[in-house]
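Please open the model in your viewer and keep the chain list at hand, since this tour moves from one selection to the next and says what is to be found at each stop.

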There are 4 protein chains.
Amino acid sequence: VQSLIDQIANDVANLVGSGKVADYIPALSCIDPQQFGMAVQTTSGDSFATGQADTRFSIQSISKVLSLTLALQARSDRHRVGKEPSGDPFNSLTQLEYERGIPRNPLINAGAIITADCLVSDHTEAKQALLDLVRQLAGNSIHFDEEVAASERETGARNAALAYLMKSFGNLENEVDQVLDTYFHQCSLAMSCRELANCFCYLANAGKHQDKAIVDIARARRINSLMLTCGTYDRAGEFAFEVGLPAKSGVGGGIVAVVPGELALAVWSPGLGPSGNSVAGTEALKLFAKNSGLSIF
Amino acid sequence: VQSLIDQIANDVANLVGSGKVADYIPALSCIDPQQFGMAVQTTSGDSFATGQADTRFSIQSISKVLSLTLALQARSDRHRVGKEPSGDPFNSLTQLEYERGIPRNPLINAGAIITADCLVSDHTEAKQALLDLVRQLAGNSIHFDEEVAASERETGARNAALAYLMKSFGNLENEVDQVLDTYFHQCSLAMSCRELANCFCYLANAGKHQDKAIVDIARARRINSLMLTCGTYDRAGEFAFEVGLPAKSGVGGGIVAVVPGELALAVWSPGLGPSGNSVAGTEALKLFAKNSGLSIF
Amino acid sequence: VQSLIDQIANDVANLVGSGKVADYIPALSCIDPQQFGMAVQTTSGDSFATGQADTRFSIQSISKVLSLTLALQARSDRHRVGKEPSGDPFNSLTQLEYERGIPRNPLINAGAIITADCLVSDHTEAKQALLDLVRQLAGNSIHFDEEVAASERETGARNAALAYLMKSFGNLENEVDQVLDTYFHQCSLAMSCRELANCFCYLANAGKHQDKAIVDIARARRINSLMLTCGTYDRAGEFAFEVGLPAKSGVGGGIVAVVPGELALAVWSPGLGPSGNSVAGTEALKLFAKNSGLSIF
Amino acid sequence: VQSLIDQIANDVANLVGSGKVADYIPALSCIDPQQFGMAVQTTSGDSFATGQADTRFSIQSISKVLSLTLALQARSDRHRVGKEPSGDPFNSLTQLEYERGIPRNPLINAGAIITADCLVSDHTEAKQALLDLVRQLAGNSIHFDEEVAASERETGARNAALAYLMKSFGNLENEVDQVLDTYFHQCSLAMSCRELANCFCYLANAGKHQDKAIVDIARARRINSLMLTCGTYDRAGEFAFEVGLPAKSGVGGGIVAVVPGELALAVWSPGLGPSGNSVAGTEALKLFAKNSGLSIF
C-alpha cells in the first residue's frame, strides 16, 4: 500500500495546483494550492500516508457524513429527508421547492441542514455532541475553526434561503439561526488526511471503531450507499463509474473513500474542478482504484 | 354607472361567500366572507359605490403598485427587476434561482421585495414615505395594521427565503430584516373600495392626482401594462382575455382595475379562487367590462 | 401618418442590418438583411407605407394569429390550449411536459400546432381553408412558399417532438405528419408589410373586414389580448411596457401591431435580436408608439 | 441458497398480486398478476430457482443493459450519454431539454434510444445482432415478441418525442423510425427468471460468460455501477440503500440484480409500485440481501 500511494502521489504531481481553490470565504481562498496529501487506514489497524497527510484543512461537506452518523445514533427520520440522488447542482432550491421542502438526500446542503436541525432537537449542546463524536473517532485535538465558521455565516445567504424555504414547508423544528450556527460549525472542522482516514474507518468496519459500535452494520452500509450515490455533488455517477467506491468530497479539497471490509482513505489537494471536487484528489482516487483493483463492483 | 354597478352587485350575490378566505394569518382568516363592495372613481371627478364600499380590508399585494409608484418617482432600476410575466405561481423560487436572483417583474413577491429594498435605500423612513404617498392619494386616515404586519412576519419564512436567495445573488442592498419589515407593513395597509378607487385614479389620469403629477404619463402607462401582464398572479392572461383591463389583486379579496383615460374601480369580496383572486370580485370585473363595453382591446 | 413613418424609417436606418438573420433553414438565411419596410392601414380606409413595404417575406409565426382566427370561427376549445404567458423561450418542452401536454397559449409553437390540429379536424382541406381566409383579407395572389414549407419539414425535429409529446398526453386528434404539414405551410406564407397591414386591420375594426365579420368583437378583443400578453416570444412584457400595443412577431423579421379602433401596422427587417424579434422592427414600433402617442394604456 | 429463496417466495406471497400491472399496452395489461418467480445463477456454475422461474415475460427496460453491453463491445461514446442519476421520473423530457439532448445515463429511455442509435450505426442488422448476443448468453430459443413490439410502436408517442428532441439537438445519427424500431424490439424480448439469471451472470463474473469475455472487467464494473445508481427508475437511491446491489428493473415486473464475484439473480412478479418497480420483486430482493448478508457496501 505504501508504494502504491507513493506512486500515486508522484503520478498526480502535475495536477496539484490545477483547478480553482474555493474562494467564497477568505479563510479558504488563501490556501496554497500546491499541496497534496493521502492517507490509508485499514480495518486490521495498519496505516499509511504520503505527502502532506498531517496538514489540517477545512473538511467542509465531508462533515455531513459525521453529523448524519450522530443523528442516526438517536433516530431514523424517514420522511424529512430522501435517499435519492439529486441530479442537480449541490445547492439547488428548485428541486427543494418542487418537492415541498423535503431535501433529496442528507449529503446535499439542504439535507445536512435538516440533519443539523435533528441534532439541535436531540442534544442540549449539539455542536459539542458532534465534536465529542469526532474526537472519539479521530483524536482529542480536533476543533472547530471559529474564523471559518464566522465567515460561513457572513456569506451564508444561500443556506439561509434553503433553511427558510424548508421552514416555510414546516420541515424545520428549530430557529433558523440556531440550526445554521450548528451547520456552519460542523463545516469548519479542521482535520488532516491521516485524521480523516482514522475517522472514517468505522464505515469500512461494519460500523465499529476499535470494537465499539458507532452505528450498526445496516446503518453503516446505508451511509456507504448514500456516499456512493450522492457523495460527490453532481458527479456521483461519474465517481461510481470511474472509482467504484463510496466517497464524500468537500470544497476544502478533501475526499474520503471507503472500501467496505478493508480500509478507509483520504486525499486532499485544494484545487477544485467545475463540480467542486478536488482535481488531483479525484485522479488519485481513480488511480488507487485502478491500481489496487479494489472496487465494490 | 350607478345602475350598472348596482346590477353587478345583484348579479354576483350568489358568488359572494364562495371560494376560500386567505387563512395563512389569523387576522385574515377571521374575516366574514359574506361581504362585497365596489366603487368607481372617474377622471372627471365623479364617484359611485355599491355594497360595503366603505369597509376597510387588508389590501395586501395591491400595495405592490403603490410601492412601485413611489420607487419610480426616484429611480428607474432597469437591471434589478424584469418586466416579463412569470408564468408560474406567484411566489416561486425556481424561476428566481434560474434567473440568478432577478425577479421576473415588480408585481410578484420577489419583485416587490426588491422595490422595498429600493425604498429603504432611497428614504430615511421608507414606511413613512409610503404612508405619505398613500395618504396624499386616498386620505389622511389610512394607516398600517400593525397586527397584520406582525402576523406576516411570524409566517414570513417563504418571503425570507426569497430575500435571502436574492441576497445570495447580490441583488439586495439592505439587511433582509429591514427590507422585510417595510414589505410586511405595506401589505398590511387597510383601505376601503372607495379609498382604493380614489387612490388608483392617477393611473387612469395620465399619472396625475388632482392636477398634481404623481408619475409622468410614460411611467403611468408602464405601470398599467405591468398590471395587465402580471397583476393577477398566474391568471393574468385569463384576466386580459376576459376582462381586458389592467388590474391588481390581493389575497385580502380586493382587486383594483383601470380604464385609461376614464376611471379606476375597486371591488372586494374575501372568498378567493385557486389562483388567489377574489371569486366574486373577478366575476364583477368581467360583468363590468362586458356590460359597459369598456376594454383596452 | 406618412411623415411619421418616413421619419421612423430614417431614425432606424442605422439599426437595419444589425441582429442576426434566422438561419435554421436556407430559404430564410439567404435574405439580404439590409431591408426595412413599414405599412399602416386605418379602419377608415387610409393606407400609408414606407421603405420596402411591398416586398414579400416569410411571415412565419405571425401566421399563428390567422390560423387561430380561422379556428375560432368554428369552435372554442377551452381545455386544449391555455391563455397564459409562457414565461419561457418560445419552444420550451419543459412547461408543456409539466402541464401535461396543454400548451400555455395559442401563440407559442405547441399551441399553434394544436390550432393546426383543430383546422385539420374541422376542414376537409385545412391548408386551402386557411389560404382562402388570408386571400379574403389580403388579396388573391397570396400563396404558400413550398420551398420554405419543405425546408421547415426537413428541420422540424423540435416541432415533431412537441407534437408527439402532446399526442402522448392525448391532446392531438390527428396524425402528427398531417398536422405538421398544415403547420409548416401556414408558417411559409409570403406577404408584404402592406398586405399584412391590410390583413390584420380586422383586429382594429371590431373583427370586421370591409363590413364583413371575420370574428365577433369579443373574439377580436381576445385575440388582441393574447397578442399583447403572448405575441412576442419571451419579450411580451417588454413589448407591452415599451410599445403598449398588441403585436405578433415572426422569425422572418416581420411584426404586426394593432391600435384598437384605429389602425393596424406592419414592419419588417430581417435582423433578429436574441429573443427572435426584428431589431429594427421593434425599435420602429417603439418610435411609432412614442411619437404618435397611441397606446392602449 | 435454495432454502433461502424458497423462504423468500413464502415471505412475499402476500405481496404477490398487489401493485398495478403495466397497462399502457394490451400485451402487458392482460398478464395474470398472481405470479412470482425467482432464480439464481452463481459464477461457480450452480443454479437455483423457485416459483414460476421458467415462465417467460416481457423484460422491457432490463434489455437496456443488454443493448448497452453490445454497444460497449464496439465503442465508447463519452459525449452522447451521461453517467449521472437522473433525479426525475424515468422518461422526463425536461432534463433532456435542459441538457441539450444529452440523456443523463444509458438506463433511462432517452439514453437507451441513443444506445439503439449506436447499434443501428454499428451493425447492418442491429436487431439481429442484439438477438445473437442474448442467445449466446441465455439460449437459442430467445426471441422478440412481435406483438409487444407492435404495441409499443402504437403507443410510442412519448418515445418519439424523446427521439425527435434529441434529433433536434443533433444527437441522433439515424432516422427516428429505424432507431425506435430497434428500441421497441429490444423491449419486447421475452425471457424467464432462469434465463435472465443466466444471461446476467457475466456481470458477476468480471465480464465473462463461460470463460468467454463479453466485455472487459472495467466495462463490467461500470455497467454494474450504472445499474446501482440508475437502474431502478427514480428509486435507485432507495434500492442502493435497502438492497445494496446493482439492479435493473422493467415494467414487465422483472428485476435482475448482481452480486459481483458471486452470482446474478432475477425475480419477477407483474404488480408494480408507483415508481414502476415490481412490488413483490423489490421486497424479495430486500429479503435476499438482508438474509444472505450479501451487499456491496
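Begin by selecting chain A and chain D together in this predicted model, where 6 residue pairs are in polar contact between the two chains, both residues of each pair being at pLDDT 80 or more. On the side of chain A that touches chain D, α11 (217-230) and α12 (236-242) each supply at least two residues, and α11(A) gives the most, with 7 residues.

Next, show the side chains of R222(A) and E242(D), which meet in a salt bridge with an N to O distance of 2.9 Å. Across the interface of chain A and chain D, 2 salt bridges are found in total.

Now widen the selection to the whole contact, which takes 30 residues from chain A and 30 residues from chain D. In chain A, the residues to colour are R221(A), F241(A) and F297(A), which lose the most area to chain D and together account for 29% of what that side buries. The area buried between chain A and chain D is about 2,700 Å², and carbon and sulfur atoms give 58% of this area.

How are the two copies placed with respect to each other? If you superpose them, chain A can be laid on chain D by a turn of 180 degrees and a shift of 0.0 Å along the axis, with an RMSD of 0.0 Å. The two copies are thus related as by a two-fold rotation axis. Because 100% of the interface residues of chain A are also interface residues in chain D, the copies meet through the same surface.

Leave that interface and go to chain B, selecting helix α8 (residues 157-168), whose 12 residues should span 16 Å at 1.5 Å a residue, in agreement with the 16 Å between its end C-alpha atoms. Is α8(B) enclosed or open to its surroundings? With buried taken as under 20% relative accessible area, 10 of its 12 residues are buried, so α8(B) is largely enclosed by the rest of the structure. Among these buried residues are R158(B), N159(B), Y164(B) and M166(B), as well as A157(B) and L165(B).

To see what surrounds them, add the packing partners of the buried residues of α8(B): from chain B these are α4 (93-98), α5 (109-122) and α9 (176-187), while from chain A they are α4 (93-98) and α8 (157-168).

As a last stop, step just past the end of α8(B) and select G170(B), which takes a positive phi of about 75 degrees.

Methods: Residues are numbered from 1 along each chain as its sequence is written. Chains are lettered from A and ligands numbered from 1 in the order in which they are written. This is a predicted model: local features need pLDDT of at least 70, side-chain atom pairs count only at pLDDT 80 or more; totals for chains, interfaces and linings use all residues. Side-chain values use heavy atoms; hydrogens and water are left out. Helices (H or I, at least four residues) and strands (E, at least two) are DSSP runs, numbered from the N terminus. The expected span of a helix is 1.5 Å times one less than its number of residues. Buried means under 20% relative accessible area, exposed over 50%, partly exposed in between (1.4 Å probe, protein chains only). Contact means heavy atoms within 4.5 Å. Copies are superposed by least squares on the C-alpha atoms of residues with pLDDT of at least 70 in both. Buried area is the accessible area (1.4 Å probe) that two parts lose on being put together, summed over both. A salt bridge is a side-chain nitrogen of Lys or Arg within 4 Å of a carboxyl oxygen of Asp or Glu. A polar contact is a pair of N or O atoms within 3.5 Å; within protein, one must be able to donate a hydrogen and the other to accept it, and residues adjacent in sequence count only if both atoms are side-chain atoms.
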